[in-house]
Each structure stands twice: as C-alpha cells, then as structure tokens.
Amino acid sequence: MHRIARTPGRPCGARFFKTQRPYATHPATARLNVPTDFGTTPILHHTSRSALAHRELSDTARNGTASRLNLFQAINSALSSALRADQNVIFFGEDVAFGGVFRCSMNLATDFGSDRVFNMPLTEQGIVGFAIGAAKEGMRPVAEIQFADYVFPAFDQIVNEAAKARYREGTNTRQACGGLVIRMPTGGVGHGALYHSQSPESLFTHVPGMRVVIPRSPLQAKGLLLASIQSNDPVIFMEPKILYRAAVEYVPAESYTLPLSQAEVLKEGKDVTIISYGTLLYACSAAIAAAEKDFGCSVELIDLRTIYPWDRPSVISSVNKTGRCIVVHESMINAGVGAEVAATVQEACFLRLEAPVQRVAGWTTHAGLAYEKFNIPDVTRVYDAVRKAMEY
Amino acid sequence: MSATALRTRSLTRFTRSTTLPRRQFKQIVCQQCRQRQWQSSLAQRPGSDRVHFPGALNSKFTTKLAFDRPHEKSAMPTYRFLDQDGNVVDQSATALDITDEEAVKLYSDMVVVSIMDIIMFDAQRQGKISFYVVNAGEEGIGVGSASALSPRDPIFAQYREAGVLKYRGFEPADFLAQLFSTKNDPGKGRNMPVHYGSQQHYIHTISSPLATQIPQASGAAYAVKMQNMQNPNGEQRVVVCYFGEGAASEGDFHAGLNIAATKQCPILFICRNNGYSISTPTLEQYRGDGIASRGIGYGIDTIRVDGNDMLAVREVVKQAREVALSDGGRPVLIEAMSYRVSHHSTSDDSFAYRAKVEVEDWKRRDNPITRFRKWMEGKGIWDDEKEKELRSSARKSVLEAYRQAEKDKHPPLREMLTDVYETMTEEQLEQLAELREIVKRYPAEYDVSRYEGGLAGLEVR
C-alpha cells in the first residue's frame, strides 16, 4: 500500500493535525457551517460529574474518577485496561510498537512487553489472517489497520474467514474467532483525499457475522472498545480520526463497557428523528440547534454507535413517535448505511411517515482532495433536510 | 504470566550477547525467545568491505556486475528414505523409529482413505453427495506427516488431507456425516463436502478460499508460542499448515510465511506439490525452483521431500517439529513432491488437459501405498492375506457408515441462521419466524422431512 511519506520519528497521523487546513476554511459569512466548538458542544462531557453520571456505566466506574482525555488517549486507556485485565489480549499492527502513527498505542509495548504489543510486516491481509488464527487458538487479538482505506487487502480474510468462522465451525465453538477486534482510523480529516478519508462501514454491514462499531467521543470509544474486545463475535472498530485530538471530554478512569448493538438517544424530540454516528453527530447537533430555533420544531438525535447489527427497535420506535426520519453519514449515499435504515423505517413505520425518509450523505464520488467541504455532509445540509422534512 | 512479570521481563530481556566473528555490527539476542535484533545504531564504517545498510547487513561489496540467475543453480535436492521398490536407499541412515504396529496403522490409514475415495467419488457420480475431492497419490503426505506430530498440535488444512484426519482418529462415520451433511456433522451441514473440522482432534474447519489458512496458522502458532512460554513444563506444541503449490501463489502465502519468520512462530508449512492446480501445470504456476526455494528468501529453514515416500515424510516432519520448537519457535517449510493421480475434484475431468498415459504411469510406477507395502513385505510384516483382509474390512466399514449417513437427517432447519453471531440477533429471529410462516403457508412447496424435527426445527429453542 502506498502511504503518505513519513518523516522518521514524526508520525504522519500527528502531522495531519499540526498543519493548517487549506482546504477546510469557512467563509466569513457562514452562519451554519462554522467549525465545531468541541469545548462547548452538548454531546461531550465537559465535567467529570457529568461523565460519571452516564447511565450506562458500571458502579465501579461511576464511583471512580474521571479525567479529560481526547479520543486517542481514550483508545490508549481502553487498550491498556484490556491488556492489564486479560493476558490473552495482544495488540499488533503496522508501527504500533513506538506508539502508533496516531499515538493510540503510546507506552503499551513498554508496559506490557514486546510479546503482547508488537509491529507486523506491512501486509493487511497478513495482519488480519494472523489475528484470526490467534483468536482461533484462544487469544483476544486487537489488530490495527493503519487507515480504513487500507483494509481492502484484508477484505477476503474478514468476509470469507473472520465473519464465517463461527458458522462454519458449527459445534467446534472453541475454534471460532470471537475475541477478534480490527481497529482502524476512519473518515474525513480535511485533507486526506482518496486514501486517508474513506468510511467503508457499509461494506462490512453487508457481512453477517461481523459487528461494526463507530464511537463518537472519548468516553464512548473506551467503553465500546472494551465491549468489543470482550465480545465473542469479531468486531470492526472504526475510529473517526478527525476526532483523535479534537474531541476532548471527561472519561472514567476505571474499566467499563458500553453495550453493543444499542443506539443512544442523544437528544429527545417529537417532530423529526435524525440518525447518525461518529463525527457527523457534531454537525447534526449544531444543525438541530439552528433548525429548532428557525423552524420551531423539535428534533430527536440518535447515535447508532453499532452500525451492524444495529438497534432497529430504538430507531423504529423513535420514527413512529416523530413521523419524520433523516439518516446522516459521511460515506456515499449509494447502498450506504442510510439505505438500510431508510428501507427498514419504511417497512416498519409506513403508516406513521409524514415525509419521505431522507439520506444526507456523501455524494456518489471519491474523496477528491480539494472538494471535501462540498462532499461530506455539513451543518447546512442537515439543517436543510430538517427544513424539507418539516415543510413536506 | 502477569502484566507486571511481562513488563519486568520486557525491559530486561534483550541483552548484548554476541559479537559475531567477521562482522562489524552487533546483534542482541532476546534471552527469552532467542529472537535476534540488530543493535539500533548502524552506520557504514569507513573502508569497510561490506554493506551496512539496515536492509541488508553483511553483504559484501563487489565490482563484478553479475545477476544472480536462478536457472544456473541446481534444484534443491529431494530427501528420500525408500526407493520405488520399498528398499532402504542408504543403509547407514538413522535407524527408523517405527514399530511394526505403527507401520501397520499408517498403512491401514492410507488404504482406508483410498478406499473411501473410490466409494465416495462414485457416490458423487451417482448424485448421492454434491461434491468430493480424492487424495490419490497423496495419502502418504497426510498420514506420514500426521504420525510425526503431537495429537494436540493444531492443524490448518486445505482440503486434500484426509490422511491427516484419519490418522488423528476420524472414522468412516465421521467422514460420512460431514459428506452427507447429517445431524452428526460438527459443521452442522453448512459446509461443502470434504470441508472437515474437529475441535476434538485439533483440526480447524477447512474453508474453500485458498491459502487463507496460511497467515491464520501463523497467528495460531504465535498463540501456541505464548502458551508454550506460559506453560514451560506443559507439552510444547507447534502448528501445522498444509497447502498445495497452486495456493502458494496467493498473497496470503507471502503474508503468512513472512510473518511466521519475523514473529518466530513454531509452525510447519507443508506444501503438497502435486504438479497441478486444477488444470494449471506448475510451469504456468511459477518459474522458480518450486515452493521450497522461496523459504530461503523468507529466512525459513526449508527441506524438499519425496511425498510418495511416507517414511521420508514422517522423518522430515519429526525433525522439523524439533526445529520449530528450538530457539523459542521457528518456522519450517517442507515441500512434499507428489503427483495428483486423481482428477482435481468431482467437478473436473483432468483428461481434458493432461494425457491419460502420464497418469497411468504414475499410478503404476510410483505410489505411496504400494511403495510402503513393498517395504512392509520386505520386513515380513505384511502379506497378501493381510492385504485382502484389510481391504475388505475397510470397504465394509465405509459402506456401513455410508448407509447410516444416507439415512440420517440433516440438522434442524434453524441451524441455517444460528452461529452467525454468538446469539441470534433480533433481526434473525424475525427472519426465522418469517420463514416458518412461509413454509407453513405453502406446505406443498417445501420438504422439511429430511431435517431433524421437521417444521418444529424452525422454532426457536
């Protein structure tokens, strides 16, 4: 795989955030499309009390402490907890030993030894194949693919092998590959172009046997990653890389898990349901604030969290309440996650729908470098979708 | 091994221990796994006659511009113990560690596999099962290699290794349950015929995609290596991975061998080089010296063996297993040469691409079963009467298992949707109910009688 050339000792991931973003500026006139203020957004925990009050936390976590972490630090904290709790957990990938190109594995090799945290040769099909075999012999391997854009060489191992392992082993359950987690940075980052921006989740939601998880925040990343490592099903864990340093919130210090395949209602509302996940929840949140003010409506925001198998009952019950539905995601509209959600909503909520289900998603094209601001859905597009839903 | 123990060890494991003669750079060797690492500061020394680039250490400079030409090198030799007539070639060779009883078991296992192959090939031709793959000509590789392993060494196979399963304890009933997709098939009737698997026998279920098992086996070997380290007084195990010479062209072969070498995994890669991948002869598969020559490139100990000589295969695998367990774990590549006497599968007529006379020659002149039989006869432990008795009892046991499997029902219909995830999803439960309603509404359209429990098999337990 060709990757952006790296200066030795200076990870390319870190460089992503140190540069100015020449392709990601906002015009001075923008009212809706302004940068997310991660310091005030209502979907992050800005106090330790609010983080520890999260209703899904275990008692131990709730009674412990919380500290401010960004997303990569939360991932690091989860990996560290998992490695400490279970000697069968191992972690590997390209360049992970020195801390990883996005710093997610800082200090792990020193703390847990090079037998458990180690570099792999540069081969994605090898990394995933290796992980499957280790899982089949009782380890709980966490494999890292450096960018989701480079997961495709491992597609065969994921689709034909990992996903089908339990099914084809039948009663030989000990040989199934539960315990396998494949982590990968995903999504747009402002200037990632074709091969550092992709969001290939819908390619995996078409694969029975795999769980696909995308967190939106540090607290969620830690809980969902620990749940994925504990899960006896193989998990694709996609981390929005634009949030690695941007999203900072209070994260409980203790180990805790958040439930897989359960959506979270981030904000209750009665007129429109917006379903999204990952980075775009921040845009949705901002769009909702503006739309509610301008249109006098009330919008419900749902974070899917697990993209497959997804929480159909929560979404259906929300749309049956509101009667309007918008699905928002970065990846292309064609056969994307939105298509599955929209079809399910149409089947289950037909008599309650007052407007067509809308999909606000990336256009059917590739991630051209200079065009990202016009391709990935933004606050304006979500705002406009709410307007259309209310005016229909 | 606690996290603290690991942490302490990881800090102290690497110690400077060797300065190799004639080399101006230092290696450090991990005391725990014997893995070598280069000391971090490597610089070209002034006036040195050798390259000190990090990517190729200890390479001498030369002023002679000469390409390394593979065809100018002679092919890697093929190890054998018996000649085609079953005679020991080198009388001074190490005495064979094999009892008469074990020899008879090995021989019987090969014969059972070959008889099952004949019966099941015909069964497929009669439409009794959907597919079959025979082992003819390669029985010795499976049985011989399996006999040199520990029964708990995990195995990853391709699909032409029935001899391994037979040696490990698969009886005709076990093979036939899988071939007929009966309720006794551990794979619950989900896989095509010959995709065997058994947790009890430490055999991972076979899958159709070629070579995918190779990097998986490396990962399994890494897990086994850690288990060996955690239980130094327990049985030290290796992983064994079988594949054909065609599968070795897949990218997963490259990935698997390179990882096994860099991660120092205790694994035996056993390549069955039988000359053909379906219709493709090796000349169109590769241009190097077979598969064995590639092992060297990955830094893997490699040997080529006569796959029609079961005793040679057995001895090679036995010693390779020792190598794989040395230095904390090392991969070994074994290329077992043979000839695919049979068609590729029941979906293939191999006379469309190769001469019948070539196949007949191999059948007549050299074959692992007859070679081993001659050796046993030479030793006076086998004769025509024993042969007749073995063949008749093998045939009887296969046919008995055949008749039973033919009668046995498939697993309950719900098994179509179970085991996709550890527990069924809400979506799957809805689909199961939907299917049940369809079958109930159109009873004339579906025959559920061949499935355990019939329609009730669609109920959630």
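**Exercise 1. Determine whether A:Glu161 is buried or exposed, and identify its salt-bridge partner.**

Step 1. The relative accessibility of A:Glu161 is 1%, so this residue counts as buried. The classes are as follows: buried means under 20% relative accessible area, exposed means over 50%, and partly exposed lies in between (1.4 Å probe, protein chains only).

Step 2. This is a predicted model, in which local features need pLDDT of at least 70, side-chain atom pairs count only at pLDDT 80 or more, and totals for chains, interfaces and linings use all residues. Residues are numbered from 1 along each chain as its sequence is written, chains are lettered from A and ligands numbered from 1 in the order in which they are written, and side-chain values use heavy atoms, with hydrogens and water left out.

Step 3. A:Glu161 forms a salt bridge with A:Arg168, and the closest N and O atoms are 2.9 Å apart. A salt bridge here is a side-chain nitrogen of Lys or Arg within 4 Å of a carboxyl oxygen of Asp or Glu.

Step 4. The partner, A:Arg168, counts as buried because its relative accessibility is 6%.

**Exercise 2. State how A:Arg387 and A:Asp384 are placed in helix 16 of chain A, and how exposed A:Arg387 is.**

Step 1. The two residues lie three residues apart in helix 16 of chain A, about one turn of the helix. Helices (H or I, at least four residues) and strands (E, at least two) are DSSP runs, numbered from the N terminus.

Step 2. An α-helix has 3.6 residues a turn, so residues three or four places apart point the same way.

Step 3. The side chains of A:Arg387 and A:Asp384 meet in a salt bridge of 2.7 Å, N to O.

Step 4. A:Arg387 is partly exposed, with a relative accessible area of 27%. A:Asp384 counts as partly exposed at 25% relative accessibility.

**Exercise 3. Compare the classes of B:Asp49 and B:Arg50, and find which residues of chain A are joined into one network.**

Step 1. A salt bridge of 3.4 Å, N to O, links the side chains of B:Asp49 and B:Arg50.

Step 2. B:Asp49 counts as partly exposed at 39% relative accessibility, whereas B:Arg50 counts as buried at 8%.

Step 3. Salt bridges that share partners join A:Glu56, A:Arg216, A:Glu264, A:Asp303 and A:Arg305 into one network.

Step 4. Over all chains, the count comes to 56 salt bridges by this rule.

**Exercise 4. Describe the interface between chain A and chain B through its contacts and its buried area.**

Step 1. In this interface, 53 residues of chain A are in contact (heavy atoms within 4.5 Å) with 58 residues of chain B.

Step 2. The area buried between the two chains is about 4,700 Å², and carbon and sulfur atoms give 50% of this area. Buried area is the accessible area (1.4 Å probe) that two parts lose on being put together, summed over both.

Step 3. A:Asp115, A:Glu137 and A:Tyr167 supply 16% of the area that chain A buries against chain B, more than any other three residues.

Step 4. The rule finds three salt bridges across the interface of chain A and chain B. A:Glu137 forms a salt bridge with B:Arg237, with the closest N and O atoms 3.8 Å apart.

**Exercise 5. Check whether the length of helix 12 of chain A agrees or disagrees with the expected span, and name buried residues in this helix.**

Step 1. The expected span of a helix is 1.5 Å times one less than its number of residues.

Step 2. Helix 12 of chain A (residues 280–295) has 16 residues and should therefore span 22 Å; its end C-alpha atoms are 21 Å apart, which agrees.

Step 3. Among the buried residues of helix 12 of chain A are A:Leu280, A:Tyr282, A:Cys284 and A:Ile288. What covers the buried residues of this helix includes strand 10 (272–276), strand 13 (325–332) and helix 16 (379–391) of chain A.

Step 4. Just after helix 12 of chain A, A:Gly296 takes a positive phi of about 60 degrees.
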